[in-house]
Amino acid sequence: MARKAGNKISKKANRPASRRTVLVIDVGGTHVKVMTDKERIKREFESGPTLSATEMVRQVKLLTKDWSYDVISVGYPGPVVHNRPLTEPHNLGRGWAGFDFHRAFGRPTRVVNDALMQAIGSYQGGRMLFLGLGTGLGSAMIVDGVYEPMELGHLPYRKGATFEDYVGAAGLERRGRKKWRKSVDDVIARLSAALEPEYIVLGGGNADKVDNPPPKVRFGDNANAFEGGFRMWKKRARKANGAAR
């Protein structure tokens, strides 16, 4: 059975890494944002609770039809295994778990957790812990160029609740900004003591609500997600098991 024309694998993917154009797709609960390392212009469309993976691909293709690109990086709001989402997202539609983005786009595609993609873009060497304060608590650790996506937000914290329950968006709304900030400081202190990073980068939509951050804490930029997606193809990033990406 012949493949549809849109699913053919691009021959341009065989270009040397220095000549490849990378399309980065940052999938969020309210918007999907795209950018290439050639155009450096951000475009976006609304996502939301009805957006499926198939519909996301269709809209990205439509939005970027005047762009040329060779390979793709996708930041997905959930755990990822072997370049495919492991579970359905909390704030989007269905059909994401196990979705084959490589086949759908017809381009070589690397998929990682969205917090990890922003962490890769924020990394400046050494031991870095990234914490994303958004809808939940995203997290990733990079040590001497070796990265590991983490799910620290789901660890138990207090009164049967998790870190994410206290410092995610729901915790901010439920408890108010003053108590939320105290919890953020406490969570940072606990994770810093356990993981011993040289520095911590705070990202996510609620990072700007943190006043007087603790020592070793730096504020990231959400635009670093795009930089992380570019780096996923331009440099050899290594997973914690030592395998090259």
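Strands β1 (residues 22-27) and β4 (residues 71-76) run parallel to one another and are joined by 5 bridges. Within this pairing, D26 has G75 of β4 as its bridge partner. The model described here is a predicted one. The two strands belong to an open sheet of 5 strands, arranged in the order β3-β2-β1-β4-β7, with mixed pairing. At its edges stand β3 and β7 (109-113), each of which pairs on one side only. From one strand to the next, the twist averages 15 degrees.

Helices pack against this sheet. Helix α1 (residues 53-63) touches β1, β2 and β3, and its direction makes about 145 degrees with that of β3. Helix α3 (residues 114-122) lies across β1, β4 and β7 and runs at about 100 degrees to β7.

Two loops that adjoin β3 merit a closer reading. K42 is located in the loop between β2 (31-36) and β3 (43-46). Is K42 buried or exposed, or does it fall in between? Its relative accessibility is 45%, and because the intermediate class extends from 20% to 50%, K42 counts as partly exposed. Leaving aside residues up to four places away in sequence, K42 touches K33, V34, M35 and F226. Of these contacts, F226 lies 184 residues from K42 along the chain, yet the C-alpha atoms of the two residues are separated by 9.3 Å.

On the other side of β3, S47 is found in the loop that leads from β3 to α1. With a relative accessibility of 15%, S47 counts as buried, since the limit for that class is under 20%. The side chain of S47 reaches the backbone nitrogen of H31 at 3.0 Å. H31 is also among the residues that S47 touches beyond four places in sequence, together with G28, G29, T30, V32 and L92.

The aromatic residues offer a second view of the structure. In total there are 5 aromatic pairs. The rings of W96 and F101 have centres 6.3 Å apart and planes at 45 degrees, so this pair is tilted. Both W96 and F101 are buried. The pair formed by Y157 and F163 is likewise tilted, because its planes meet at 40 degrees, with the ring centres 5.0 Å apart. Y157 and F163 are also buried. Ring pairs further join Y76, W96, F99 and F101 into a cluster.

Aromatic rings also lie beneath charged groups. The charged end of R107 sits over the ring of Y69, 5.2 Å from the ring centre. R110 lies over the face of W233, at 3.8 Å from the centre of that ring.

Further along the chain, consecutive strands are connected by hairpins. Strand β8 (residues 127-133) pairs with β9 in the antiparallel sense over 7 bridges, and the hairpin they form has 3 residues between the strands. L133 stands opposite L137 of β9. Strand β9 (residues 137-143) also runs antiparallel to β10 (residues 146-150), to which 5 bridges join it. There, V143 stands opposite V146 of β10. Strand β9 is mostly covered, with 5 of its 7 residues buried.

The hairpin of β9 and β10 has 2 residues between its strands, and D144 in its turn has a positive phi of about 50 degrees. As background, most residues other than glycine have a negative phi. Which residues elsewhere in the chain carry a positive phi without being glycine? One of them is K159, whose phi is near 50 degrees. K159 is placed in the loop between β11 (156-158) and β12 (161-162). K159 is exposed, as its relative accessible area is 83%. Another is N212, with a phi near 45 degrees. This residue lies in the loop between β13 (199-203) and β14 (217-219). N212 counts as exposed because its relative accessibility is 70%.

Key: Residues numbered from 1 in each chain as written. Predicted model: local features only at pLDDT ≥ 70, side-chain atom pairs only at ≥ 80, totals over all residues. Heavy atoms only, no water. Helix = DSSP H or I, 4+ residues; strand = E, 2+ residues; numbered from the N terminus. Buried < 20%, exposed > 50% of the residue type's maximum accessible area, 1.4 Å probe, protein only. Contact = heavy atoms within 4.5 Å. Phe/Tyr/Trp six-rings, centres within 6.5 Å; stacked < 30°, edge-to-face > 60°. Lys NZ or Arg CZ within 6 Å of the ring centre and 35° of its normal. Pairing = 2+ DSSP bridges. Axes fitted to C-alpha atoms, helices over the stretch in contact; angles between N-to-C directions. Polar contact = N/O pair within 3.5 Å; in protein donor to acceptor, adjacent residues only side chain to side chain.
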